[in-house]
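Visitor: I have a model to look at, and I want reasons, not labels. Can you walk me through the ligand site, the rings and the surface?

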Amino acid sequence: MTYDPNNIFAKILRGEIPCNKVYEDEFALAFHDINPQAPVHVLVIPKGDYVSMADFTTSAPAELIAGFMRAVGAVAEELGLVESGYRTLANAGENAHQEVPHLHIHIFGGAPLGPMLDSRFTA
Ligand code: AMP
């Protein structure tokens, strides 16, 4: 999939539209999801043009991959989620219903989160 520079997270990274920022460093930006699905729901995005985890891990420089993953950990820490626990999730492609074609890791927390997947697969 080709990267679309007009996707909404690219616009947030360029400062063209606002976000409710929780963390930023040279590798990543984190902000609250506009439609939260848990008491805490934050998105962490890498600073670079990557559609998905496969694209990112294939094409990004090692320093950015390391920096981005460190940022995910730092955000969870900063949000106070480490002791109580939290979930990270990255949707990729159609089966996962990826809506925004810029790699993002969801961080969910703030309450017990229930089963990891749809009950169709776990019954
Ligand atoms: P996904 O289905 O994994 O691509 O998730 C995309 C997420 O981006 C959804 O949870 C949306 O609520 C969220 N989202 C879309 N637009 C914005 C925005 N402008 N600011 C914050 N979150 C957004």
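Visitor: Which polar backbone atom lies 3.1 Å from a nitrogen atom of the ligand?

Guide: One belonging to Ile 34. A polar contact needs N or O atoms within 3.5 Å, and the 3.1 Å distance to Ile 34 meets that. Keep in mind that this is a predicted model.

Visitor: What makes Asn 91 a polar contact of the ligand?

Guide: The distance, again. An N or O atom in the Asn 91 side chain is 2.8 Å from an oxygen atom of the ligand. Glu 99 uses a polar backbone atom instead, 2.6 Å from a ligand oxygen. Both values fall within the 3.5 Å limit.

Visitor: How much of the ligand does the protein bury?

Guide: The protein buries 88% of the 510 Å² that the ligand exposes when taken alone.

Visitor: Which residues are closest to the ligand?

Guide: Asp 33, Asn 91, Glu 99, His 104 and His 106 are the closest of the 17 residues that surround it.

Visitor: Now the rings. How many aromatic pairs are there?

Guide: Three, by the ring-centre rule. One of them joins Tyr 50 and Phe 56.

Visitor: Why is the pair of Tyr 50 and Phe 56 called edge-to-face?

Guide: Pairing requires centres within 6.5 Å, and edge-to-face requires planes over 60 degrees apart. Tyr 50 and Phe 56 are 5.2 Å centre to centre, with 75° between the planes. Both conditions hold, so the label is edge-to-face.

Visitor: What about Phe 56 and Phe 68?

Guide: That pair is edge-to-face too: 5.3 Å between centres and 75° between planes. Phe 56 lies in helix α2 (residues 53-59) and Phe 68 in helix α3 (residues 62-78), so the pair ties together parts twelve residues apart in sequence. Ring pairs link Tyr 50, Phe 56 and Phe 68 into a cluster.

Visitor: Are these rings buried or exposed?

Guide: Buried means under 20% relative accessible area. Tyr 50 has 12%, so Tyr 50 counts as buried. Phe 56 has 0% and is buried. Phe 68 also has 0% and is buried.

Visitor: Why does Phe 121 count as exposed?

Guide: The cut-off for exposed is over 50%. Phe 121 has 58% relative accessibility, so Phe 121 counts as exposed. Its place is in the segment after β5 (105-109).

Visitor: What kind of surface patch does Phe 121 help make?

Guide: A nonpolar one of about 390 Å², made by Met 116, Leu 117 and Phe 121.

Key:
Residues are numbered from 1 along each chain as its sequence is written. This is a predicted model: local features need pLDDT of at least 70, side-chain atom pairs count only at pLDDT 80 or more; totals for chains, interfaces and linings use all residues. Side-chain values use heavy atoms; hydrogens and water are left out. Patches are made of residues with over 30% relative accessible area and no salt bridge: like charges are joined within 9 Å, nonpolar side chains (Val, Leu, Ile, Met, Phe, Trp, Tyr) within 5 Å. Accessible areas come from the Shrake-Rupley method with a 1.4 Å probe; for residues, only the protein chains shown count as cover. A salt bridge is a side-chain nitrogen of Lys or Arg within 4 Å of a carboxyl oxygen of Asp or Glu. Helices (H or I, at least four residues) and strands (E, at least two) are DSSP runs, numbered from the N terminus. Buried means under 20% relative accessible area, exposed over 50%, partly exposed in between (1.4 Å probe, protein chains only). Rings of Phe, Tyr and Trp (its six-membered ring) pair if their centres lie within 6.5 Å; planes under 30 degrees apart count as stacked, over 60 as edge-to-face and the rest as tilted. A residue is near a molecule or strand if one of its heavy atoms lies within 4 Å of it. A polar contact is a pair of N or O atoms within 3.5 Å; within protein, one must be able to donate a hydrogen and the other to accept it, and residues adjacent in sequence count only if both atoms are side-chain atoms.
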